[in-house]
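Reader: I'm new to looking at protein models. Could you show me how to read one, a feature at a time?

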Amino acid sequence: MAPPGVGSSSEKRHNDTMSANERDIVVLDGGFATQLSCHVSQQIDGDVLWSARFLATDKEAIIDAHLDFLRAGADLVITNSYQASIGGFMEHLKLTKDQSYELIKESVKLARIACQRYNKEFPNSTPPMVVGSVGPYGASLHDGSEYTGSYAKTTPVETMREWHIPRIRALVEAGVDLLALETIPCKIEAEMLVELLKKEFPNTKAWLSFSVRQDGKSLAYGESFQEVARYCYDLNPQQLVAVGVNCVAPRLVETLISGINKDRKNPVPLVVYPNSGESYKVELGWIDRDKCEPVDTYVQKWLDLGVTWVGGCCRTYATDVSRIRQEVEKWKRNKEEKRHQNGQCTQK
Ligand SMILES: [Zn+2]
(Lines give C-alpha, C1' and ligand atoms only; values in the text may rest on other atoms or scores of the structure.)
Protein backbone atom coordinates (compact mmCIF):
# COMPACT_ATOMS: atom_id res chain seq x y z
CA MET A 1 0.00 0.00 0.00
CA ALA A 2 1.30 3.41 -0.90
CA PRO A 3 1.89 5.79 1.96
CA PRO A 4 -0.38 8.78 2.30
CA GLY A 5 1.10 11.54 0.22
CA VAL A 6 2.15 14.21 2.57
CA GLY A 7 4.74 16.86 2.06
CA SER A 8 3.62 19.80 0.03
CA SER A 9 4.29 20.23 -3.64
CA SER A 10 2.90 23.71 -3.18
CA GLU A 11 4.60 25.75 -5.75
CA LYS A 12 0.89 26.32 -6.32
CA ARG A 13 -1.80 28.45 -4.96
CA HIS A 14 0.12 31.50 -3.93
CA ASN A 15 -2.25 34.24 -4.93
CA ASP A 16 0.34 36.88 -5.39
CA THR A 17 2.38 34.99 -7.95
CA MET A 18 -0.38 33.50 -10.07
CA SER A 19 -1.94 35.18 -13.07
CA ALA A 20 -5.61 34.61 -13.87
CA ASN A 21 -4.61 32.54 -16.86
CA GLU A 22 -2.54 30.13 -14.80
CA ARG A 23 -5.49 29.48 -12.54
CA ASP A 24 -7.62 28.10 -15.32
CA ILE A 25 -6.62 24.51 -14.60
CA VAL A 26 -8.13 23.02 -11.46
CA VAL A 27 -6.49 20.03 -9.79
CA LEU A 28 -8.96 17.63 -8.19
CA ASP A 29 -8.17 15.18 -5.43
CA GLY A 30 -7.73 11.41 -5.83
CA GLY A 31 -9.64 8.27 -4.84
CA PHE A 32 -11.15 9.05 -1.47
CA ALA A 33 -11.64 5.46 -0.34
CA THR A 34 -8.11 4.71 -1.55
CA GLN A 35 -6.53 7.44 0.53
CA LEU A 36 -8.81 6.69 3.47
CA SER A 37 -7.43 3.14 3.47
CA CYS A 38 -4.12 4.62 4.66
CA HIS A 39 -5.84 5.83 7.83
CA VAL A 40 -8.15 2.97 8.81
CA SER A 41 -7.57 -0.70 9.38
CA GLN A 42 -11.01 -1.95 8.38
CA GLN A 43 -11.81 -3.13 4.87
CA ILE A 44 -13.50 -0.44 2.72
CA ASP A 45 -13.95 -2.06 -0.69
CA GLY A 46 -16.82 -4.51 -0.51
CA ASP A 47 -18.64 -2.65 2.27
CA VAL A 48 -22.24 -2.01 1.35
CA LEU A 49 -21.82 1.68 2.28
CA TRP A 50 -18.24 1.79 1.03
CA SER A 51 -16.28 4.70 2.54
CA ALA A 52 -19.49 6.47 3.63
CA ARG A 53 -19.69 4.15 6.65
CA PHE A 54 -16.73 5.99 8.18
CA LEU A 55 -18.82 9.17 8.46
CA ALA A 56 -20.36 7.40 11.43
CA THR A 57 -17.31 5.57 12.73
CA ASP A 58 -14.10 7.53 12.10
CA LYS A 59 -14.42 11.24 11.43
CA GLU A 60 -10.75 12.06 12.07
CA ALA A 61 -9.64 9.54 9.45
CA ILE A 62 -11.87 11.26 6.92
CA ILE A 63 -10.41 14.67 7.75
CA ASP A 64 -6.89 13.24 7.50
CA ALA A 65 -7.56 11.71 4.08
CA HIS A 66 -8.89 15.05 2.78
CA LEU A 67 -5.85 16.82 4.24
CA ASP A 68 -3.47 14.44 2.47
CA PHE A 69 -4.92 15.52 -0.86
CA LEU A 70 -4.76 19.22 -0.04
CA ARG A 71 -1.15 18.99 1.09
CA ALA A 72 -0.39 17.12 -2.13
CA GLY A 73 -1.65 20.02 -4.21
CA ALA A 74 -5.39 19.52 -4.78
CA ASP A 75 -7.44 22.69 -5.28
CA LEU A 76 -10.52 21.01 -3.85
CA VAL A 77 -11.75 18.08 -1.83
CA ILE A 78 -14.66 15.87 -2.83
CA THR A 79 -16.89 14.89 0.08
CA ASN A 80 -17.12 11.32 1.30
CA SER A 81 -20.72 10.98 0.16
CA TYR A 82 -20.50 9.02 -3.09
CA GLN A 83 -22.41 6.05 -1.75
CA ALA A 84 -24.30 7.93 0.98
CA SER A 85 -28.07 7.89 0.86
CA ILE A 86 -30.95 8.28 3.27
CA GLY A 87 -32.18 4.74 2.61
CA GLY A 88 -28.70 3.26 2.82
CA PHE A 89 -27.97 4.84 6.19
CA MET A 90 -31.37 3.88 7.58
CA GLU A 91 -30.95 0.28 6.53
CA HIS A 92 -27.28 -0.34 7.24
CA LEU A 93 -26.56 2.04 10.13
CA LYS A 94 -30.03 1.79 11.69
CA LEU A 95 -30.42 5.57 11.71
CA THR A 96 -33.64 7.53 11.45
CA LYS A 97 -34.43 9.52 8.34
CA ASP A 98 -33.36 12.77 10.00
CA GLN A 99 -30.15 11.27 11.36
CA SER A 100 -29.31 9.93 7.90
CA TYR A 101 -29.86 13.35 6.39
CA GLU A 102 -27.59 14.88 9.04
CA LEU A 103 -24.89 12.29 8.37
CA ILE A 104 -24.78 13.26 4.71
CA LYS A 105 -24.35 16.87 5.81
CA GLU A 106 -21.55 15.69 8.08
CA SER A 107 -19.51 14.74 4.99
CA VAL A 108 -19.44 18.43 4.05
CA LYS A 109 -18.56 19.55 7.56
CA LEU A 110 -15.60 17.16 7.71
CA ALA A 111 -14.33 18.31 4.32
CA ARG A 112 -14.64 21.91 5.50
CA ILE A 113 -12.69 21.16 8.69
CA ALA A 114 -9.90 19.68 6.56
CA CYS A 115 -9.85 22.86 4.45
CA GLN A 116 -9.69 25.04 7.55
CA ARG A 117 -6.81 23.03 8.97
CA TYR A 118 -5.04 23.26 5.63
CA ASN A 119 -5.48 27.03 5.54
CA LYS A 120 -4.06 27.25 9.01
CA GLU A 121 -0.98 25.32 7.86
CA PHE A 122 -0.63 27.42 4.70
CA PRO A 123 -2.13 30.79 5.54
CA ASN A 124 -1.24 32.32 2.16
CA SER A 125 -2.99 29.65 0.14
CA THR A 126 -6.32 30.06 -1.60
CA PRO A 127 -9.13 28.39 0.34
CA PRO A 128 -9.83 25.02 -1.30
CA MET A 129 -13.30 24.24 -2.62
CA VAL A 130 -15.56 21.62 -1.09
CA VAL A 131 -17.26 19.56 -3.78
CA GLY A 132 -20.23 17.37 -2.85
CA SER A 133 -19.94 13.89 -4.30
CA VAL A 134 -23.18 12.62 -5.83
CA GLY A 135 -22.69 9.03 -6.98
CA PRO A 136 -25.23 7.38 -9.29
CA TYR A 137 -28.35 5.52 -8.21
CA GLY A 138 -26.61 2.30 -9.21
CA ALA A 139 -23.95 2.73 -6.53
CA SER A 140 -26.62 2.18 -3.88
CA LEU A 141 -27.44 -1.20 -5.37
CA HIS A 142 -23.97 -2.35 -4.41
CA ASP A 143 -23.61 -4.65 -7.40
CA GLY A 144 -21.21 -2.64 -9.55
CA SER A 145 -24.08 -1.50 -11.75
CA GLU A 146 -22.71 2.03 -11.97
CA TYR A 147 -20.19 0.43 -14.34
CA THR A 148 -22.86 -1.11 -16.58
CA GLY A 149 -25.87 1.14 -16.10
CA SER A 150 -28.05 -1.97 -16.19
CA TYR A 151 -30.52 -0.44 -13.74
CA ALA A 152 -31.44 2.18 -16.35
CA LYS A 153 -33.51 -0.56 -17.98
CA THR A 154 -35.45 -1.52 -14.88
CA THR A 155 -35.61 1.59 -12.71
CA PRO A 156 -38.09 4.38 -13.49
CA VAL A 157 -36.30 7.70 -13.73
CA GLU A 158 -38.78 9.04 -11.15
CA THR A 159 -37.41 6.53 -8.63
CA MET A 160 -33.89 7.76 -9.31
CA ARG A 161 -35.00 11.36 -8.95
CA GLU A 162 -36.74 10.77 -5.62
CA TRP A 163 -33.66 8.96 -4.36
CA HIS A 164 -31.28 11.74 -5.40
CA ILE A 165 -33.22 14.79 -4.19
CA PRO A 166 -32.72 14.52 -0.40
CA ARG A 167 -29.04 13.56 -0.64
CA ILE A 168 -28.30 16.46 -2.95
CA ARG A 169 -30.37 18.77 -0.76
CA ALA A 170 -28.34 17.73 2.30
CA LEU A 171 -25.06 18.53 0.50
CA VAL A 172 -26.34 21.89 -0.74
CA GLU A 173 -27.80 22.79 2.64
CA ALA A 174 -24.48 21.99 4.29
CA GLY A 175 -22.82 24.52 2.03
CA VAL A 176 -20.86 22.77 -0.74
CA ASP A 177 -19.18 25.06 -3.25
CA LEU A 178 -19.97 22.72 -6.11
CA LEU A 179 -21.44 19.28 -6.78
CA ALA A 180 -19.75 16.36 -8.53
CA LEU A 181 -22.43 14.34 -10.31
CA GLU A 182 -20.09 11.46 -10.90
CA THR A 183 -19.66 7.99 -12.38
CA ILE A 184 -23.03 8.37 -14.10
CA PRO A 185 -23.42 5.43 -16.49
CA CYS A 186 -26.44 6.37 -18.60
CA LYS A 187 -28.07 9.28 -20.40
CA ILE A 188 -31.40 9.05 -18.61
CA GLU A 189 -29.92 9.62 -15.15
CA ALA A 190 -27.54 12.34 -16.37
CA GLU A 191 -30.32 14.23 -18.08
CA MET A 192 -32.53 13.95 -15.02
CA LEU A 193 -29.75 15.27 -12.76
CA VAL A 194 -28.99 18.21 -14.99
CA GLU A 195 -32.69 19.15 -15.09
CA LEU A 196 -32.99 18.60 -11.36
CA LEU A 197 -30.18 21.05 -10.81
CA LYS A 198 -32.05 23.65 -12.80
CA LYS A 199 -35.38 23.16 -11.05
CA GLU A 200 -34.47 22.36 -7.46
CA PHE A 201 -30.97 23.78 -6.99
CA PRO A 202 -30.73 26.79 -9.31
CA ASN A 203 -27.97 28.44 -7.30
CA THR A 204 -25.64 25.44 -7.23
CA LYS A 205 -23.05 24.62 -9.87
CA ALA A 206 -21.81 21.15 -10.69
CA TRP A 207 -19.68 19.05 -12.95
CA LEU A 208 -21.12 16.00 -14.61
CA SER A 209 -18.88 12.99 -15.05
CA PHE A 210 -19.66 9.68 -16.71
CA SER A 211 -18.54 6.10 -16.33
CA VAL A 212 -17.70 4.57 -19.68
CA ARG A 213 -16.98 1.29 -21.45
CA GLN A 214 -13.58 -0.02 -22.45
CA ASP A 215 -14.22 0.82 -26.12
CA GLY A 216 -13.12 4.43 -25.65
CA LYS A 217 -16.34 5.91 -27.00
CA SER A 218 -19.46 4.69 -25.15
CA LEU A 219 -21.05 5.38 -21.81
CA ALA A 220 -21.19 2.36 -19.52
CA TYR A 221 -24.78 1.84 -20.64
CA GLY A 222 -23.88 2.08 -24.31
CA GLU A 223 -24.80 5.53 -25.60
CA SER A 224 -22.17 7.72 -27.27
CA PHE A 225 -20.19 9.56 -24.63
CA GLN A 226 -19.51 12.59 -26.79
CA GLU A 227 -23.12 12.97 -27.93
CA VAL A 228 -24.53 12.68 -24.43
CA ALA A 229 -21.87 14.95 -22.96
CA ARG A 230 -22.63 17.69 -25.49
CA TYR A 231 -26.38 17.20 -25.09
CA CYS A 232 -26.26 17.45 -21.29
CA TYR A 233 -23.97 20.46 -21.34
CA ASP A 234 -26.29 22.29 -23.70
CA LEU A 235 -29.22 21.61 -21.38
CA ASN A 236 -27.65 23.67 -18.63
CA PRO A 237 -24.40 25.47 -19.49
CA GLN A 238 -25.09 28.06 -16.80
CA GLN A 239 -24.73 25.54 -14.00
CA LEU A 240 -22.36 22.94 -15.43
CA VAL A 241 -18.74 23.96 -14.92
CA ALA A 242 -17.52 20.89 -16.79
CA VAL A 243 -18.55 17.55 -18.27
CA GLY A 244 -16.30 14.52 -18.61
CA VAL A 245 -15.29 11.10 -17.39
CA ASN A 246 -14.06 9.52 -14.17
CA CYS A 247 -13.03 6.10 -12.92
CA VAL A 248 -11.90 5.10 -16.40
CA ALA A 249 -8.48 3.67 -17.31
CA PRO A 250 -6.25 6.64 -18.21
CA ARG A 251 -5.24 5.07 -21.52
CA LEU A 252 -8.86 5.39 -22.76
CA VAL A 253 -9.27 9.09 -22.05
CA GLU A 254 -7.63 10.54 -25.15
CA THR A 255 -9.93 8.82 -27.65
CA LEU A 256 -12.95 9.62 -25.49
CA ILE A 257 -12.42 13.36 -25.47
CA SER A 258 -10.60 14.00 -28.76
CA GLY A 259 -12.72 16.08 -31.10
CA ILE A 260 -15.59 16.56 -28.67
CA ASN A 261 -15.56 20.30 -29.26
CA LYS A 262 -14.91 20.22 -32.99
CA ASP A 263 -16.92 22.95 -34.71
CA ARG A 264 -18.67 23.97 -31.50
CA LYS A 265 -19.17 27.63 -30.78
CA ASN A 266 -19.74 26.90 -27.13
CA PRO A 267 -17.07 24.33 -26.18
CA VAL A 268 -17.84 21.85 -23.42
CA PRO A 269 -15.38 22.44 -20.53
CA LEU A 270 -13.82 19.09 -19.72
CA VAL A 271 -13.25 17.26 -16.44
CA VAL A 272 -11.14 14.08 -16.33
CA TYR A 273 -10.29 12.03 -13.26
CA PRO A 274 -9.48 8.46 -14.13
CA ASN A 275 -8.65 5.54 -11.89
CA SER A 276 -5.15 4.05 -11.83
CA GLY A 277 -5.95 1.77 -14.76
CA GLU A 278 -5.91 -1.34 -12.58
CA SER A 279 -8.63 -3.95 -13.01
CA TYR A 280 -11.03 -4.82 -10.23
CA LYS A 281 -11.90 -8.46 -9.69
CA VAL A 282 -14.43 -9.27 -7.00
CA GLU A 283 -12.46 -12.27 -5.79
CA LEU A 284 -8.97 -10.70 -6.04
CA GLY A 285 -9.54 -6.99 -5.51
CA TRP A 286 -7.47 -4.56 -7.60
CA ILE A 287 -4.87 -6.23 -9.84
CA ASP A 288 -2.26 -5.40 -12.49
CA ARG A 289 -1.05 -2.12 -10.98
CA ASP A 290 2.42 -2.84 -12.38
CA LYS A 291 0.99 -2.94 -15.91
CA CYS A 292 -0.40 0.59 -15.69
CA GLU A 293 1.22 3.84 -16.69
CA PRO A 294 0.67 6.31 -13.83
CA VAL A 295 -2.06 8.90 -14.39
CA ASP A 296 0.37 11.82 -14.36
CA THR A 297 2.10 10.63 -17.54
CA TYR A 298 -1.06 11.48 -19.47
CA VAL A 299 -1.84 14.83 -17.94
CA GLN A 300 -0.04 17.14 -20.38
CA LYS A 301 -1.74 15.48 -23.34
CA TRP A 302 -5.16 15.95 -21.74
CA LEU A 303 -4.48 19.59 -21.01
CA ASP A 304 -3.47 20.02 -24.66
CA LEU A 305 -6.85 18.54 -25.57
CA GLY A 306 -8.65 21.18 -23.53
CA VAL A 307 -9.16 19.54 -20.14
CA THR A 308 -9.46 22.14 -17.38
CA TRP A 309 -10.35 19.97 -14.37
CA VAL A 310 -7.99 17.05 -13.75
CA GLY A 311 -7.44 14.61 -10.90
CA GLY A 312 -7.72 10.96 -9.99
CA CYS A 313 -10.37 8.45 -8.98
CA CYS A 314 -10.13 4.93 -7.50
CA ARG A 315 -6.66 3.68 -6.63
CA THR A 316 -5.04 7.06 -7.01
CA TYR A 317 -3.38 8.28 -3.82
CA ALA A 318 -2.30 11.69 -2.61
CA THR A 319 1.12 10.92 -4.08
CA ASP A 320 -0.54 10.67 -7.50
CA VAL A 321 -2.27 14.02 -6.94
CA SER A 322 1.08 15.56 -6.14
CA ARG A 323 2.52 14.26 -9.43
CA ILE A 324 -0.56 15.47 -11.32
CA ARG A 325 -0.04 18.91 -9.78
CA GLN A 326 3.58 18.90 -10.92
CA GLU A 327 2.57 18.05 -14.49
CA VAL A 328 -0.01 20.84 -14.49
CA GLU A 329 2.60 23.34 -13.30
CA LYS A 330 5.06 22.09 -15.94
CA TRP A 331 2.43 22.47 -18.65
CA LYS A 332 1.59 25.99 -17.55
CA ARG A 333 5.27 26.97 -17.49
CA ASN A 334 5.79 25.63 -21.01
CA LYS A 335 2.77 27.51 -22.20
CA GLU A 336 3.99 30.70 -20.62
CA GLU A 337 7.44 30.26 -22.18
CA LYS A 338 5.95 29.68 -25.62
CA ARG A 339 3.78 32.74 -25.27
CA HIS A 340 6.80 34.72 -24.29
CA GLN A 341 8.83 33.46 -27.25
CA ASN A 342 6.00 34.21 -29.66
CA GLY A 343 5.63 37.67 -28.22
CA GLN A 344 9.32 38.38 -28.76
CA CYS A 345 9.16 37.10 -32.34
CA THR A 346 6.33 39.42 -33.31
CA GLN A 347 8.19 42.38 -31.86
CA LYS A 348 11.20 41.84 -34.11
ZN1 LIG B 1 -13.41 5.52 -9.00
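Reader: How are α3 and α5 oriented to each other: parallel, perpendicular or oblique?

Author: Happy to help, and please keep in mind that this is a predicted model. To judge a pair of helices, look at the angle between their axes; angles of 65 to 115 degrees count as roughly perpendicular and those under 35 as roughly parallel. Here the axes of α3 (residues 59–72) and α5 (residues 97–121) cross at roughly 50 degrees, coming within 8 Å. α3 and α5 are therefore oblique to each other, and their crossing is right-handed.

Reader: Which residues make the contact of α3 and α5?

Author: From α3 there are Lys 59, Ile 62, Ile 63, His 66, Leu 67 and Leu 70. From α5 come Leu 110, Ala 111, Ile 113, Ala 114, Cys 115, Arg 117 and Tyr 118. Sorted by character, the contact of α3 with α5 has ten nonpolar residues, one polar and two charged.

Reader: And how do α5 and α7 lie, parallel or oblique to each other?

Author: Use the angle again. The axes of α5 and α7 cross at roughly 45 degrees and come within 8 Å, and the two helices are therefore oblique to each other. The crossing of α5 and α7 is right-handed. On the α5 side the contact uses Tyr 101, Ile 104, Lys 105 and Val 108, while α7 supplies Pro 166, Arg 167, Ala 170, Leu 171 and Glu 173. The contact of α5 with α7 divides into six nonpolar residues, no polar ones and three charged.

Reader: Which residues of α8 are buried?

Author: To decide on burial, count the neighbours: a residue is buried if 20 or more other C-beta atoms lie within 10 Å of its own. In α8 the buried residues are Lys 187, Glu 189, Ala 190, Leu 193, Val 194 and Leu 197. Their cover includes the helices α6, α7 and α9 and the strands β4, β5 and β6. As for length, α8 has 14 residues and reaches 19 Å from its first C-alpha to its last, close to the 20 Å expected.

Reader: Is Pro 123 buried or exposed?

Author: Count again, this time with the cut-off for exposed, 12 or fewer. Pro 123 has 6 other C-beta atoms within 10 Å, so Pro 123 is exposed. You can find Pro 123 in the loop between α5 and β3. The C-alpha atoms of Pro 123 and Leu 36 are separated by 25 Å, and these residues are 87 apart along the chain.

Notes:
Residues numbered from 1 in each chain as written. Predicted model: local features only at pLDDT ≥ 70, side-chain atom pairs only at ≥ 80, totals over all residues. Axes fitted to C-alpha atoms, helices over the stretch in contact; angles between N-to-C directions. Helix = DSSP H or I, 4+ residues; strand = E, 2+ residues; numbered from the N terminus. Parallel < 35°, antiparallel > 145°, perpendicular 65-115°, else oblique. Left-handed = near helix turned anticlockwise from the far one by under 90°. Contact = placed C-beta atoms within 7 Å. Nonpolar A, V, L, I, M, F, W, Y, C, P; charged D, E, K, R; others polar. Expected span 1.5 Å × (residues − 1).
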